[in-house]
Each structure stands twice: as C-alpha cells, then as structure tokens.
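Q: Please take a close look at the salt bridges in this structure. I would like one connected account of the residues that take part and their surroundings.

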Amino acid sequence: MISSVSPDAAGGALKERLRQGMTARRVAVGLLVAIAGIGSIFWAPLFALLLTLVAIVGSVEFAALAKRAGAGLSLPVALGGCTAYMALAFFQQMYRYEHGLLAMIIVGAIVLGLATGFDHFGARVGWTVVATLYLGKLLSYLVVLRQLPNGERIVLWTVVIVVLTDTVGMAVGLRYGRAKLWAQLSPAKTWEGAIAAFAVACGVGTITGTSLLVGVPWGFALAFSAIVSLAAQLGDLVESAFKRDARVKDSGEFLGEHGGMLDRFDSYVLVGAAAYVTLLWSGHL
C-alpha cells in the first residue's frame, strides 16, 4: 500500500525519518541489496536478470503512482516492453529490433488504452509509454554496457560512482545540510549534500578510472565521473517528481524500510544512458 503525504510538510519529517531509519535492519537490508547488485556484475546473465526484476517491480510501482496521479497505465504493455528491452540488450540485438519494439509499445498502449475506456485516455497512453521507456529503455543501457568486452569494469566503475553519490549526499545532507536543493520537489536534499556527493564521486571516480581497474586518461575519467554523478542525482530528482505528482512519500514497500524498488534504484535509471553516451561520443566504445 502506498501512503500519502503533503509535500509542504515533508521536509523536516523526511529528515527525521531518514535519521530514525538508520537501524540495524535497514543497514542489513541495504548491505544485502548492495552485495547482490555488485556481485551480479561479475556474471552477465545474473546482472541482466536483476535489472529485469528492477524494471518489472518498478513498473508495478509506477502503475500505482499513475493511478494515484489520476490516470493509470496499461501494465501488460509496460511489463512486456521492459522485459523485451532487457532481452534485446543482453543478446545485443537492440539496433536490429528496437524500432519494431517501440512501435509495438506505442500501438499496445493505444489499443489497451481504448479498451479500458475514454476517461484519461491520453494520460494512460502517456504514462504507459513513459513507464516502459523510463524503466525498460533507460535501464537497458546498463545491460548494454555490461555486454561490452570490458563491460564488467565499466559497470563496476559506474556503480562505485553512483554509490558514493548516494551515500555521501545523504550523510553530508543529514549532518551539515542547511540550504534546500529543491524544497518543493525533494525537501530532504540539500546543496551541501549534493556538492559533497559530486566532489567525492568525482575524486574517487577519477582515481578508479585511471587505475588498473579501467585504465583511461585522467581527463576522461574526471568527465565520466562528473557526468555519471550528475545523472545519478538527476535520476533521484526525477523519481521524486513522479512521487510528488502522485502525492506519496515512497514508491512502494517492496524493500521494507528502504521503500519501493524505484526508491532504491532511482539513481541508476539515467546513469546507464549517460555513461553509454559519454563513452560513445568520446570514442571509448
């Protein structure tokens, strides 16, 4: 069940909830999720299956958000589209079949949208297409990266940057945060946390990128780390915008005290595409 909250009253309450949430159980669940996620990177099929699970559960949560926002979406289209995107990415067939898949997603959203009535028809079609591309297309870039010859190292490097961005941002924000980053959208986030997260992620990311783990020039390592860290923070804000539209504080309860699947993996949604485009445009693919 998704609980509602007034955005105006969320600031101090959310900070207090985060402080109280740092319990042994919460830390244990967080460590298990982190171990499963990082461990899966070393076996490509498991990594693809994990991201497929994230996309599927995320789609169910997204459907609940859409319903709370007064629209709803065609869940079968979102589930099928997300699964198909992951399969195409894993089998390296994206360039061959993606155009047909996208057409099927749009047509499917329209047909099922008509079948469920005319009220909020446009909104339902829009939410369906957005959910499928947001969770299927964007997350599939992480699978595409993992399928590269040196994909294991690239994905591990990317995850390190995201983890540092999330962890440092929360820790510094809770301890030293004063200036709100975007109070109406995400009341608990602060400029202090965002800047510290960006700085630490860039520093450690650059060191990691120039090390034997990846072995790229320091200038590219810095640029890559900066883009990935910004994408992680933007992804967090985007998911907050969806929740604000639905007037909820968590996307679900799939991970207990950590909230829903979207709450835990929102930072990764935009990261794969950002990392892929950076590597492509810089000639590192």
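A: The following account begins with a linked group of charged side chains and then turns to other parts of the chain. The model is a predicted one.

A search of the whole structure returns five salt bridges. Three of the residues involved, Glu-239, Lys-243 and Asp-263, are joined in a network. Lys-243 takes part in both of the contacts described here. In one, its side chain meets that of Glu-239, with an N to O distance of 3.6 Å. In the other, the side chain of Lys-243 meets that of Asp-263 at 2.8 Å, N to O. This second pair connects distant parts of the chain, since Lys-243 belongs to helix α9 whereas Asp-263 belongs to helix α10 (residues 261–265), 20 residues apart. The pair of Lys-243 and Glu-239, by contrast, lies within helix α9 (residues 218–246), where the two residues are four apart, about one turn of the helix.

The solvent accessibility of these three residues can be judged against a cut-off: a residue is called buried when its relative accessible area is under 20%. Glu-239 has a relative accessibility of 1% and therefore counts as buried. Lys-243, at 9%, is buried as well. Asp-263 has a value of 15%, so this residue also counts as buried.

A further salt bridge joins Glu-152 to Arg-146, whose closest N and O atoms are 3.6 Å apart. Here the two partners fall into separate classes of accessibility. Arg-146 is buried, because its relative accessible area is 10%, while Glu-152 is partly exposed at 30%.

Helix α6 spans residues 121–146 and packs with helix α4 (residues 75–90). The axes of the two helices are 8 Å apart and form an angle of about 20°. Angles under 35 degrees count as roughly parallel, and α4 and α6 are therefore roughly parallel to each other. The crossing of α4 past α6 is right-handed.

A nonpolar part of the surface may be set beside these charged contacts. Leu-102, Ile-106, Ile-110, Leu-114 and Phe-118 make a nonpolar surface patch of about 460 Å². One of these residues, Ile-106, lies in helix α5 (residues 94–115). Its relative accessibility is 37%, so Ile-106 counts as partly exposed.

To return to the request, the network consists of Glu-239, Lys-243 and Asp-263 linked by salt bridges, and the contact between Glu-152 and Arg-146 is a further salt bridge described here.

How values were computed: Residues numbered from 1 in each chain as written. Predicted model: local features only at pLDDT ≥ 70, side-chain atom pairs only at ≥ 80, totals over all residues. Heavy atoms only, no water. Patch = residues over 30% accessible without salt bridge, like charges linked within 9 Å, V, L, I, M, F, W, Y side chains within 5 Å. Areas by Shrake-Rupley, 256 points an atom, 1.4 Å probe, with all protein chains shown as cover. Salt bridge = Lys/Arg side-chain N within 4 Å of Asp/Glu carboxyl O. Buried < 20%, exposed > 50% of the residue type's maximum accessible area, 1.4 Å probe, protein only. Axes fitted to C-alpha atoms, helices over the stretch in contact; angles between N-to-C directions. Parallel < 35°, antiparallel > 145°, perpendicular 65-115°, else oblique. Left-handed = near helix turned anticlockwise from the far one by under 90°.
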